[in-house]
Amino acid sequence: MKLRFVLNGESVEIEVRPDRRVVDLLREDFGLTGTKECCGSGECGGCTILVDGDCRLSCLMLAAQLHGREVVTIEGLSRNDRLHAVQEAFMEHGAVQCGFCTPGMVLAAVSLLARQPRPSREQIREGLSGNICRCTGYVKIVDAVEAAALKLANGDRR
């Protein structure tokens with residue numbers, strides 16, 4: 001089947017099998033390896049992408065579900081060689097740890113801040129609850145999202 005959708009701001013068209021998963025399509029066909037497959041069962045959030053601005057688990061989606069939609073992966077967040085405010089805040093606060101969960105965490109944070117520009121720390125924890133970090137705790141991650149919210153509120157719209 002032929003799919004047409006917008007991927008990281010560019011219209012794409014591709015022929016896919018009906019049973020092709022989105023995580024495989026992105027990583028193997030488009031070379032977007034920032035989308036990680038960790039658990040493969042929708043438990044960890046490592047494969048999180050944005051579809052029409054909402055978080056989706058690409059390991060649980062069929063590629064056919066992307067037809068006519070807008071998809072953003074971690075590779076699509078930066079603009080003109082500048083990182084998104086959330087990406088910068090993660091770096092500044094040491095919230096990247098091993099980095100495996102980071103793309104999903106960043107995209108979940110972007111989606112959260114789009115819906116709720118000034119979340120409390122509890123709301124940040126709840127907003128990221130579908131994403132699991134196996135390295136350490138979540139303090140630095142929550143600090144980074146809180147800082148990104150402040151940056152965005154002060155006009156940093158990257």
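## Exercises on a predicted protein model

With 158 residues, the protein would have a radius of gyration near 15 Å if it were a compact globule, and its value of 15 Å agrees with this. The model is predicted. The exercises below treat its overall form, its sheet and its cysteines.

### Exercise 1: Overall form

Determine which secondary structure elements the protein contains and in what pattern they follow one another.

**Solution.**
Step 1. The count gives five helices and five strands.
Step 2. Along the sequence, these elements follow the pattern β-β-α-β-β-β-α-α-α-α.
Step 3. The extent of the fold can be added: along the principal axes, the C-alpha atoms fill a box of roughly 45 × 30 × 25 Å.
Step 4. Of the 158 residues, 46% are buried. Among contacts with a separation of 6 or more, 57% are between residues 24 or more positions apart.

### Exercise 2: The sheet

Explain why strand 2 and strand 4 are each left without a neighbour on one side.

**Solution.**
Step 1. Five strands form an open sheet in the order 2-1-5-3-4, and their pairing is mixed.
Step 2. Strand 2 (10–15) and strand 4 (54–57) are at the edges of this sheet; each has a single partner strand, and therefore one of its sides has no neighbour in the sheet.
Step 3. On average, neighbouring strands of the sheet are turned by 40 degrees against each other, with direction ignored.
Step 4. One pair may be examined in detail. Strand 3 (residues 48–51) and strand 5 (residues 70–72) run antiparallel and are joined by two bridges. Within strand 5, Val71 is the bridge partner of Val51.
Step 5. Helix 3 (residues 102–115) packs on the sheet and touches strand 3, strand 4 and strand 5. The direction of helix 3 makes about 35 degrees with that of strand 3.

### Exercise 3: The cysteines

Determine how many disulfides the protein has, and explain why Cys59 and Cys101 form no such bond with the closest cysteine sulfur.

**Solution.**
Step 1. A disulfide is a covalent bond between the sulfur atoms of two cysteines. The criterion applied here is that the two sulfur atoms lie within 2.5 Å.
Step 2. For Cys59, the closest cysteine sulfur is that of Cys47, at 3.6 Å, which is too far for a bond. Cys59 counts as buried because its relative accessibility is 6%.
Step 3. For Cys101, the closest cysteine sulfur belongs to Cys133, at 4.0 Å, and this is also too far for a bond. Cys101 is buried as well, with a relative accessible area of 12%.
Step 4. The count of disulfides by this rule is zero.

Conventions: Residues numbered from 1 in each chain as written. Predicted model: local features only at pLDDT ≥ 70, side-chain atom pairs only at ≥ 80, totals over all residues. Heavy atoms only, no water. Pairing = 2+ DSSP bridges. Helix = DSSP H or I, 4+ residues; strand = E, 2+ residues; numbered from the N terminus. Axes fitted to C-alpha atoms, helices over the stretch in contact; angles between N-to-C directions. Contact = heavy atoms within 4.5 Å. Buried < 20%, exposed > 50% of the residue type's maximum accessible area, 1.4 Å probe, protein only. Rg over C-alpha atoms; globule rule 2.2 N^0.38 Å.
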